[in-house]
Amino acid sequence: MVTGSGAAEVVGAELNVPLVGGGTVRYANLDYAASAPALASVWAEVQAFLPWYSSVHRGAGFRSQVATAAYEGARDVVRGFLGGRPDDTVIFTRNTSDAINLLARCLAHRTTVVTTLVEHHANLLPWRRYHTAIELPVPATPAELLDRFDDTLGRIPGGQPSLLAVTGASNVTGEVWPIAELAALAHRHGARILVDCAQLAPHRAVDIAGLDLDWVALSGHKMYAPFGSGALVGRPDGLDRADPYLAGGGSVAWVSAQGAAWTGLPDRHEGGSPNVIGAFAMAAACSELRRIGMDAIAVEERRLGDRLRARLAEVPGLVRYQTWPGDPDRVGISAFSLNGRDHAEVATVLSAEHGIGVRSGSFCAHPLLAHIAGGVEGWRPGCGEDVPGAIRASLGLGSREEDIDRLADALLEIGVHGPRWTYRAGPDGTVVPDPDDRPAPAFLGSVGGATGAGR
Ligand SMILES: Cc1ncc(COP(=O)(O)O)c(C=O)c1O
């Protein structure tokens, strides 16, 4: 058992949240795919490091040297966790979006980038902006995916730089993509491959060298290190001669009145003062995930994912979204709708009356939502009138069977009896309790925060 109160404790595991009408309940966090809680071990490491936190690189003080060692050492830990080759570069970014934009800015102008409409916007829009993007339809099966990519890459004229940009696991359906086969296919056609590992890296082993991947992008906040860091990891070529992503201090070897010489990797693309704590926290998360074992994590999360789908199947009128037939390999993510009810209302009722945290909307994957929910009768608009929305429950370390059962029981109740409280439309398609008598935690006052909570 690697979850719950076992080997991998998460910060806030026993957090109680207020309910409308009074009372509190332990928060059932089913929103890991958006942002995962910090691992307790990550938090402990960050606290141990904090007194040593200081400027990195050119600071002469002992603290600076310790902080520099921690920051630079974090690259090796992240590279090792991802099975990187010794010469793979690890460039710290803000998140996956930042990492993919960085790669998009570095690749040869007008590279042909082949992708699909399954992708998160972070793995669609940068290619549209900087390159020749070919976005294939949502594949009905993994075999169709491979065939279509094979056909499309085969039509790209020889000598034209090309890239396959694919997800490791869908942030809507959880379906795990056949990245070993995709890498082999890309390389057979002389293309490179980027894998968006935002949803894969926290839940499954990623082996860059073993799978022969060129680049992977990932986010610390989805892998239990919510301190503002992400990374682009992979081949240095293509990145080492490109103009710096952020021109400024740190990315230059020298500057004169006439010009400047950019420095090498990884500093070349890390202009400005880096997020030392974020990188350190990400490395701490990698170490802890390695200690627990990604295979053990995958086994436990498959078990919980099976339970989630089984319990959701018991809810009358619930439609779960999937693009591939049968029982494909999935990380612990399920998107669904309930009886044609407004997804934003269901999500708010789950929170306000049951203390359950899920996500609703279109999950920054509008083309995919249009494809999968569009065929379902009674779909409700999500982010925009023409984009369907849904509800998403997602799991990770710290998830418990009890959380899944609470979700299923609450959905059964909402489906049969509807909400117990009253609600009104909030801003931007949201739904809010009316009135909302839940008190906000005291610290929100101290930082002057404003939230829907307590209002
Ligand atoms: C598959 C996938 N790719 C990319 C991203 C973007 O990640 P970030 O918001 O951390 O940049 C997400 C975020 O949900 C995602 O799920």
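A residue is called buried here if 20 or more other C-beta atoms lie within 10 Å of its own, and exposed if 12 or fewer do. With that criterion in hand, strand β13 of this predicted model shows alternating side chains over residues 318–321: Val 319 and Tyr 321 point to one face and are buried, whereas Leu 318 and Arg 320 point to the other face and are not. Strand β13 pairs with β14 in the antiparallel sense, over four bridges, and within β14 the bridge partner of Leu 318 is Leu 338.

**Domains and their contact**

The domain assignment divides the chain into domain 1, made of 16–39 together with 293–441, and domain 2, which covers 53–291. The C-alpha centres of these two domains lie 29 Å apart, and contact between them involves 34 residues of domain 1 and 29 residues of domain 2. On the side of domain 1 that touches domain 2, the elements giving two or more residues are α9 (294–313), β14 (333–338) and α11 (366–372); of these, α9 gives the most, with five residues. By class, the residues on that side of domain 1 divide into 22 nonpolar, seven polar and five charged.

**The seven-stranded sheet**

Seven strands form an open sheet with mixed pairing, in the order β4-β10-β9-β8-β7-β5-β6. Strands β4 (89–93) and β6 (132–136) stand at the edges with a single partner strand each, so one side of each has no neighbour in the sheet. From one strand to the next, the twist averages 20°. Strands of a sheet pair through backbone hydrogen bonds, in either a parallel or an antiparallel arrangement. Two of the pairings in this sheet are set out below.

| Strand pair | Sense | Bridges | A bridge or opposite pair |
|---|---|---|---|
| β4 and β10 | antiparallel | five | Thr 93 and Gly 230 |
| β7 (162–167) and β8 (192–196) | parallel | five | Leu 164 and Ile 193 |

Although β4 stands at an edge of the sheet, five of its five residues are buried, so this strand is largely enclosed by the rest of the structure. Both of its faces are covered, with Thr 89, Ile 91 and Thr 93 buried on one side and Val 90 and Phe 92 buried on the other. Helix α3 (residues 96–106) lies across β4, β8, β9 (215–219) and β10 (230–234), and runs at about 40° to β10.

**The ligand shell**

The residues that surround the ligand are Asn 95, Thr 96, Ser 97, His 120, Ala 122, Asn 123, Thr 167, Asn 171, Asp 196, Ala 198, Gln 199 and Ser 219. Sorted by class, this shell has nine polar residues, two nonpolar residues and one charged residue.

**A buried position in helix α10**

Leu 350 is found in helix α10, which spans residues 343–354. Leu 350 counts as buried because it has 23 C-beta neighbours inside 10 Å, where the threshold for that label is 20 or more. When neighbours within four places in sequence are left aside, Leu 350 is in contact with Ile 356, Val 358 and Ala 410. Leu 350 and Pro 419 are 69 residues apart in sequence, while their C-alpha atoms are 9.2 Å apart in space.

Methods: Residues are numbered from 1 along each chain as its sequence is written. This is a predicted model: local features need pLDDT of at least 70, side-chain atom pairs count only at pLDDT 80 or more; totals for chains, interfaces and linings use all residues. A residue is near a molecule or strand if its C-beta atom, placed from the backbone, lies within 6 Å of it. Ala, Val, Leu, Ile, Met, Phe, Trp, Tyr, Cys and Pro count as nonpolar, Asp, Glu, Lys and Arg as charged, and the others, Gly among them, as polar. Domain bounds come from an automatic or database domain assignment. Two residues are in contact if their C-beta atoms, placed from the backbone, lie within 7 Å. Two strands pair if DSSP finds at least two bridges between them. Axes are lines fitted to C-alpha atoms, for helices over the stretch in contact, and angles run from 0 to 180 degrees between N-to-C directions.
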